[in-house]
Amino acid sequence: MKIKHFILATSTVVAALFFTGAYWSLDRVIDGIVRANANRISEAATRITFSAMYQLMSSGWSRKQADAFLRGMAGAGEGSGMTVQIYRGPSVVELYGEIDQPPLDEELRAVFDSGEALRRDDAAYARHVYPLLAEERCLGCHTNVRPGAVLGTIAVQQDYAGLVADARRELLLAFALLVPLAALLAGAAVWWVGRRIEGAVGQLQEDFDQIATVSDLKALAVAERNLGFVELNRIDDALRGLLDKLRGIAVDKEILTFEIGLLEKFVITSDVVRDWRDYVGRLLVEINGVLPAHTLFSIFKIDDELFDLEVFWFGPASAETKAQMEHYIRQELTDLSGFADPGSCNIHHHVANPDGARIELTEAEVALRVKSFFVDKPKIGGIVGIGVHAGVLDDETRYLVVESVLSTLLNVVGSVKAIYKYTRDLEYYATRDPLTDLFNQRVFWELSTYEIGRAQRHGYSFGLLLIDLDNFKLINDNYGHTVGDTYLQRFARQVQGALRDGDILARYGGDEFVAVLPEAGQEAVVGVAERVRRAIESLELITPDGTRLRATASIGIAVYPEHADSAKDLLMFADNMMYRAKAAGKDQVAIPSREDVVDIFRDISQKSVMVLEAIENRRVRPYFQPILDVETRRIVAYEVLSRIDLDGQIIRADEFVEIAEKIGVIHRIDMLVLEQALATIAASDHAGEVFVNLSPRALVFSEFARDLRRIVAASGVPPHNIVFEITERDTVKNLGLLERFLNDLKADGFKLAIDDFGSGFSSFHYLRRFPIDYLKIEGDFIANMLNNSKDKTFVTSIRSLAREMGITVVAEFVESAEVLAELEALEVHRAQGYYIGRPGPGLLPADWAPAG
């Protein structure tokens with residue numbers, strides 16, 4: 001309802017009540033006045049009549065005169081509503097006879113009897129009866145009475161019903177004229193008041209209609225004004241006060257939507273890690289959708305005196321503007337208590353929108369509008385500061401949102417940069433041996449497999465060298481691992497220099513190296529091998545104490561396709577030839593003859609028969625190697641290893657696993673070992689976990705999963721205590737099949753681990769794709785980390801990556817107290833190796849003691 005309608009309705013009701021009350025009041029007043037006047041008139045008429053009658057009677061009037069007087073008085077009031085009637089009493093009738101008069105009523109008789117006047121008011125009339133009393137002077141004519149006797153009465157009656165009705169008609173007429181006039185005046189007043197109110201409200205509405213966003217609210221200026229009414233002025237003052245409060249607390253939906261949308265983009269994915277600079281550039285574009293921001297920068301501490309500054313510009317910036325920004329950031333960093341002179345700073349500028357408007361900023365604009373967030377100590381990834389150059393920061397809400405976004409972005413960018421760095425390092429070390437910087441075993445297998453396919457397509461042969469240092473263990477034992485590592489590094493360079501251009505050298509493990517010689521027959525392969533042997537002979541290393549160290553190597557060769565047609569068979573052949581070189585006196589190149597080929601494959605056949613017989617006679621045995629909780633120093637898990645018991649001679653897995661896989665019985669070995677291992681665990685008081693190696697090749701057998709679940713269910717060992725290890729020993733072409741199998745295991749409650757993590761690039765695919773619980777770091781990195789900074793960096797990177805992903809880390813090849821102490825300092829969770837305990841057929845006490 002509009003105010004003017006409300007006022008009009010209210011005024012109508014009030015007017016109706018007023019006029020009704022006024023009419024009723026006036027009616028009561030008029031009625032009272034008429035009655036009072038009627039009473040006074042009747043009383044006056046009574047007295048006048050009495051006086052006139054007395055005067056006439058005193059003058060000795062005749063009967064005829066008296067009768068005429070009485071008739072005249074009776075008719076005097078005709079037409080005026082008043083009647084005057086004189087009544088004779090009995091004493092007068094006795095002397096003068098009766099006259100024509102109305103019969104006496106009760107009131108008249110009462111007056112004759114009492115001699116007292118009577119006054120009566122009725123609804124329709126007023127009546128006054130006055131007694132005529134005899135006085136001394138009346139006794140001359142009225143001889144039959146004494147003074148005070150009632151001679152007669154005078155009755156005067158005034159009818160005022162008509163008078164009241166006339167008065168009411170006059171009143172109604174007056175009201176009939178007054179009400180339209182009052183209504184007209186009231187309507188005009190309501191119109192005028194309504195117009196004033198609507199005008200005032202309209203002014204307020206025009207002001208508030210301008211508000212569409214919080215920025216409009218803050219820009220709105222409502223001047224103080226007079227709206228014509230005290231109450232409206234008070235409302236206006238209150239609204240302006242409310243407006244001031246809203247400016248301080250209002251939150252722009254646009255800025256909140258921006259913040260929520262931006263935070264949703266803070267999800268770290270592999271694409272973000274890979275292209276993190278593009279990611280930050282896209283964030284800058286997102287920020288510009290809400291507020292103008294020329295620059296977003298981040299600064300990282302690389303080492304004590306080196307910083308990386310990444311500056312992202314929304315558009316191309318002038319050289320002077322870039323310099324101003326660099327100066328500002330350096331100054332901010334210098335002012336922090338935790339940093340002195342930033343020293344050397346690698347600066348990288350990136351442009352998010354190369355086609356955007358050119359950015360030109362003065363030094364004052366840079367210092368005024370940069371919102372930065374610095375920390376006293378480097379955060380994740382070494383990040384120490386982040387900032388944005390925003391054009392609109394006078395809005396407190398936007399200022400808070402930008403501050404919130406920056407604090408979150410600080411950790412996100414730091415995490416992305418850290419993961420990028422870790423991933424880059426890990427990917428590098430996944431293909432490289434960190435000590436010698438040669439390709440590692442995984443790359444060797446990939447390249448040798450690739451070379452076989454290439455040789456098949458082009459119809460040529462290639463060679464393979466297996467180089468094993470002679471008596472290298474003596475160098476480590478007598479001069480320490482530092483000298484041994486240095487020798488291996490020099491050895492790698494020496495061999496690399498002896499190879500041909502295009503030959504591929506890799507460190508297979510420990511002191512074993514392999515070289516792939518593309519497009520080479522046996523004669524060329526032998527020539528290269530001899531050149532390598534001589535280069536190794538000429539290598540000399542002087543120790544810190546001045547000792548001159550020399551070493552030799554035994555080299556076995558194999559040629560594709562003369563000796564084998566697969567990478568594994570080639571390596572197996574070269575390995576056998578290398579052992580023949582050692583058996584012949586070392587420092588030799590073993591050149592295979594036709595008899596050697598027959599003998600080697602006869603050995604392989606004999607080993608295949610041995611493996612089959614071991615399976616048939618259940619001679620496969622589980623051996624348990626303890627895994628230590630580094631913090632509590634308690635044995636919390638065991639890894640199950642496969643051994644073959646050949647009439648008391650224990651044959652290790654590395655001597656038969658490849659053959660078992662080649663002849664397709666590896667899954668039977670896995671099942672035999674698992675069944676016996678779980679029976680041993682169930683019979684012991686070991687309540688921890690058991691790690692079981694799982695060959696990916698076993699997945700091709702449909703009965704494998706069924707047998708696996710059957711054996712676990714029969715053992716009574718809960719699935720959550722069983723950890724299956726997957727390795728990169730064999731590539732799996734169908735990763736989808738492996739993924740489904742591992743997800744099924746995970747759903748059944750089993751846990752998963754990646755073994756030899758870092759030995760191949762596939763580890764990262766496994767880590768991204770599979771629900772992994774444990775990472776077992778490749779043992780070579782652990783064994784050398786005290787003497788090689790790269791190895792230690794690799795271990796630290798894996799530990800950091802695993803911590804970010806909530807994965808437990810197990811370090812292998814822990815062979816000394818010093819290595820264990822370093823793992824504890826690095827906060828690596830678990831340790832495994834000869835120092836913790838060698839593999840054995842039984843379990844150890846939970847309270848660990850170092851192996852003797």
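**Backbone geometry in selected loops and in helix H14**

In this predicted model, Glu827 is found in the loop that links helix H27 (817-825) to strand S25 (830-831). Although Glu827 is not a glycine, its phi is positive, at about 65 degrees. A second residue of this kind is Arg618, again not a glycine, with a positive phi of about 55 degrees. Arg618 sits in the loop between helix H19 (594-616) and strand S17 (620-629). With a relative accessibility of 42%, Arg618 counts as partly exposed, because it falls between the 20% limit for buried residues and the 50% limit for exposed ones. As helpful background, most residues other than glycine have a negative phi, and most peptide bonds are trans.

The peptide bonds offer a point of interest too. The bond from Tyr560 to Pro561 is cis, and its omega is near 0 degrees. Pro561 belongs to the loop between strand S15 (553-560) and helix H18 (567-583).

Attention now turns to helix H14. This helix covers residues 441-458, 18 residues in total, and its first and last C-alpha atoms are 25 Å apart, close to the 26 Å expected at 1.5 Å a residue. At the start of H14, a side-chain oxygen of Asn440 comes to within 3.3 Å of the backbone nitrogen of Arg442. Arg442 is itself buried, and the buried residues of H14 also include Val443, Phe444, Trp445, Ser448, Glu451, Ile452, Gly453 and Ala455. In an α-helix there are 3.6 residues a turn, so residues three or four places apart point the same way. Just after H14, Gly459 adopts a positive phi of about 70 degrees.

Note on methods: Residues numbered from 1 in each chain as written. Predicted model: local features only at pLDDT ≥ 70, side-chain atom pairs only at ≥ 80, totals over all residues. Heavy atoms only, no water. Helix = DSSP H or I, 4+ residues; strand = E, 2+ residues; numbered from the N terminus. Expected span 1.5 Å × (residues − 1). Buried < 20%, exposed > 50% of the residue type's maximum accessible area, 1.4 Å probe, protein only. Polar contact = N/O pair within 3.5 Å; in protein donor to acceptor, adjacent residues only side chain to side chain.
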